Amino acid sequence: MPPFFDPSPPFRPSAYRCKVAATPWERRAYHDLRREVFCGEQGLFQGSDHDEIDTHATPIVAVSMLGVAAGEVVGCVRIDEREPGEWFGSRLAVTPGFRGAAPLAANLIRKAVCTAHARGCRRFWAYVQRPNVRLFQRLNWHRRGPIAIQGHPHELMEADLTHYPARAHDLPIEVLTGRGAA
């Protein structure tokens, strides 16, 4: 056994804050996570997943909390208004090591829809990768039809806004996973 072997599982913060990305480091980490997931891991894009939506989208991040200090960006999503009152969520991603923290993705979705609702959203849509459809259905989303994006099967889904109260963009959603180790 190596002299510095530590058999304990790695520490993973058990608290997260879902919020609109406001600082330069949050925005940088937001783009880095998207590139890691959609370009590197999933291979949906080559080099960058940036598109014209990024010019006006609102980035939302999940930041791990170490006590009262921010740790790292471990999840993200973006929202944008494409027609008056018609909003979309896209590029939902969670760092691979944090995907077991189930409330994280759900609360990123909640933060996205509630923020858009507070900004006048009347309908909220997302193109959801097929493996994630059940999660969205559990969160009161409805299937509206299949579609292929970048050659991968997705489902157009719509949020039931009665389950997503308008919430000011500057109010974060706190997520407690109840877990401190991987």
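Strands E6 (residues 141–149) and E7 run antiparallel and are joined by 8 bridges. The model is predicted. E6 and E7 form a hairpin, with 2 residues between them. E7 also supplies at least two residues of the largest nonpolar core, a set of 32 residues.

**The E6–E7 hairpin**

- Gln150 sits in the turn and has a positive phi of about 55 degrees.
- Across the pair, Gly145 stands opposite Leu156 in E7.
- Strand E7 itself covers residues 152–159.

**His154 in E7**

- His154 has its place in strand E7.
- Is His154 buried or exposed? It counts as buried, because its relative accessibility is 5% and the cut-off for buried is under 20%.
- A polar atom of the His154 side chain lies 2.9 Å from the backbone oxygen of His152.
- Neighbours within four places in sequence aside, His154 is in contact with Tyr127, Val128, Gln129 and Arg130. Its contacts also include Gly145, Pro146, Ile147 and Ile149.
- One of these contacts, Gly145, is the residue that stands opposite Leu156.

**The largest nonpolar core**

- Which residues have the most contacts inside the largest core? They are Val113, Phe124, Trp141 and Tyr164.
- Strands E1 (15–20), E2 (58–66), E3 (69–83), E4 (86–94) and E5 (123–129) are among the elements that each supply at least two residues of this core. Helices H2 (102–118) and H3 (133–138) do so too, as does E7.
- H2 gives the most to this core, with 9 residues.
- Val113 touches Phe124, Trp141 and Tyr164, leaving out residues up to four places away in sequence. With that same exclusion, Val113 also touches Ala159 and Leu161.
- In soluble globular proteins, nonpolar side chains tend to be buried together.

**A separate core**

- Another core, of 15 residues, lies apart from the largest one.
- Among its residues are Ala21, Ala29, Phe38 and Leu44.

**Leu139 between H3 and E6**

- Leu139 has its place in the loop between H3 and E6.
- Why does Leu139 count as buried? Its relative accessibility is 13%, and buried means under 20%.
- Leu139 touches Ala106, Ile109 and Tyr164, not counting residues up to four places away in sequence.
- Tyr164 is also one of the residues with the most contacts inside the largest core.
- Leu139 and His163 are 24 residues apart along the chain. Their C-alpha atoms are separated by 8.3 Å.

Terms used: Residues are numbered from 1 along each chain as its sequence is written. This is a predicted model: local features need pLDDT of at least 70, side-chain atom pairs count only at pLDDT 80 or more; totals for chains, interfaces and linings use all residues. Side-chain values use heavy atoms; hydrogens and water are left out. Helices (H or I, at least four residues) and strands (E, at least two) are DSSP runs, numbered from the N terminus. Buried means under 20% relative accessible area, exposed over 50%, partly exposed in between (1.4 Å probe, protein chains only). A polar contact is a pair of N or O atoms within 3.5 Å; within protein, one must be able to donate a hydrogen and the other to accept it, and residues adjacent in sequence count only if both atoms are side-chain atoms. Contact means heavy atoms within 4.5 Å. A nonpolar core is a set of buried Ala, Val, Leu, Ile, Met, Phe, Trp, Tyr and Cys residues joined through side-chain atoms within 4.5 Å. Two strands pair if DSSP finds at least two bridges between them.
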